[in-house]
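These are my notes from going through one model, element by element. I wrote down what I looked up and what I found.

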Amino acid sequence: MADMARPRRSALYMPGSNARALEKARSLPADVLLLDLEDAVAPAEKVAARALVMAEIAKGGFAPREVVLRVNGADTPWGEADLAAAAKASGTLDAVLLPKVESAAMLDEAAAKLDAAGAPAGLALWAMMETPRGIVAANEIAAHPRLSVLVMGTNDLVTDMQAEFRADRMPVIGALTACVLAARVHDRVVLDGVYNAFRDAEGLQEECEQGRSLGMDGKTLIHPAQLATANRVFAPSADAVALAQRQLAAYEAAAESGEGVAVLDGKIVENLHAAAARRLLARANAIAALEAAIETPMAAGSVA
């Protein structure tokens, strides 16, 4: 089961074949680092990229950021060796991200290979949700006991749907919502897909806000310049934190008086509001702790 309180506002893809990018990742204010052996690596560089990424994981220095390895698919020449390398990682590897997951059976297969290769018990599986078949199977995928996070792959999904790429993402709203619902049923985390125009700050802001409104826990990113926006949008605002504190205080005061509900600013505050307030405050505290643990968080203007 996913650690729902762990911040995953920003999950940055880092090309596994780029040593400079992997080194820079140690100083970036990302909640999650997605060390990528799949889409970001050319076929001729796959083997070398795997060796480079495993050496960087062994070197360490990524903490407190969550480290996730995106492997190649089981139907490729590199997938099985990627899983074997992940299982034997000598540094801190938090999860393995599987591409194009379309069934619980695919998760079973990957888990069996990891276990056979000696993977630690705490190594979680994340699933790329990027095909029509995968979206249809979202509930069974989210229910898998080794599954921690659903990751939307909207570029591939739009292509496979033979739909149009639109700024409002109308063709994939149903798929995004289906994955949010599956994640909530099974207490999993769900991360939104990437925004391709990394120099378009306004467009990124709008898409992050859309994802947050749909219930996403964070966003996958392709460039460090996108980190500040995702971190800001997917964190509780100061106003939201203040309201949650007031709601919780009012509800607890009412409960001490034997009342089932409280009234705050002319609105009812009941158990569901108190539960939501506790979640929000726990999230805000976890974000504050993570940011404090990152020694040199970079300002938005200094992210290259």
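I started with M14 and looked for the residue across from it, which turned out to be L35 in β2. The model is a predicted one, so I read these pairings as features of a prediction. I then checked the two strands themselves: β1 covers residues 10–15 and β2 covers residues 32–36, and they pair in the parallel sense over five bridges.

**The barrel**

I followed the pairing onward from there and found that eight strands close into a barrel, in the order β1-β2-β3-β4-β5-β6-β7-β8, with parallel pairing. Neighbouring strands of this sheet are turned by 25° against each other on average, when direction is ignored. As a reminder to myself, strands of a sheet pair through backbone hydrogen bonds, and the sense may be parallel or antiparallel.

I wanted to see where the barrel closes, and there I found β1 and β8 paired in the parallel sense over three bridges, with S10 standing opposite K219 of β8. On the other side of the question, I looked at β7 (residues 189–192), which runs parallel to β8 and is joined to it by two bridges; the partner of L191 in β8 is G218.

**K219**

Since K219 had come up at the closure, I looked at this lysine in more detail. It belongs to strand β8, which spans residues 218–221. Is K219 buried or exposed? Its relative accessibility is 0%, so I count K219 as buried.

I next asked which polar partners the side chain of K219 has. A polar atom of that side chain lies 2.6 Å from the backbone oxygen of G193, and a polar contact of 3.0 Å joins the side chain of K219 to that of E207.

**Helix α9**

E207 led me to helix α9, where it is listed among the buried residues together with G203, L204, C208 and G211. Seen down the axis of α9, these buried residues fall within an arc of 135°, so I record them as lining one face of the helix. They pack against β7, β8 and α10 (227–233), while A201, E202 and S213 are exposed on the other side of α9.

I also checked the length of α9, which runs over residues 201–214: its 14 residues should span 20 Å at 1.5 Å a residue, and the end C-alpha atoms are 20 Å apart, which agrees. Just after α9, I noted that G215 takes a positive phi of about 110°.

**Helix α8**

I put the same kind of questions to helix α8 (residues 173–185), whose 13 residues reach 18 Å from the first C-alpha to the last, close to the 18 Å expected at 1.5 Å a residue. Its buried residues are A175, L176, C179, V180, A182 and A183. Viewed down the axis of α8, they lie within an arc of 165°, so they too line one face of their helix. The face turned away from the buried side carries G174, L181 and V185, which are exposed. Just after α8, D187 takes a positive phi of about 55°.

**Helix α3**

For α3 (residues 79–87), I found G79, D82, L83, A85, A86 and A87 to be buried. What covers these residues? The elements include α2 (46–59), β3 (66–70), β4 (95–98) and α4 (104–116).

**Two residues further along the chain**

I looked up D265 next, and its place is in the loop between β9 (262–264) and β10 (267–269). With a relative accessible area of 56%, D265 is exposed, and its side chain makes a polar contact of 2.9 Å with the side chain of R246. I also took the separation of D265 from H186: they are 79 residues apart in sequence and 34 Å apart in space, C-alpha to C-alpha.

My last entry concerns A240, which lies in helix α11 (residues 238–256). At 26% relative accessibility, A240 counts as partly exposed. Its C-alpha atom is separated by 8.2 Å from that of L280, although A240 and L280 are 40 residues apart along the chain.

Note on methods:
Residues numbered from 1 in each chain as written. Predicted model: local features only at pLDDT ≥ 70, side-chain atom pairs only at ≥ 80, totals over all residues. Heavy atoms only, no water. Buried < 20%, exposed > 50% of the residue type's maximum accessible area, 1.4 Å probe, protein only. Helix = DSSP H or I, 4+ residues; strand = E, 2+ residues; numbered from the N terminus. Contact = heavy atoms within 4.5 Å. Polar contact = N/O pair within 3.5 Å; in protein donor to acceptor, adjacent residues only side chain to side chain. Expected span 1.5 Å × (residues − 1). Arc of directions from axis to C-beta. Pairing = 2+ DSSP bridges. Axes fitted to C-alpha atoms, helices over the stretch in contact; angles between N-to-C directions.
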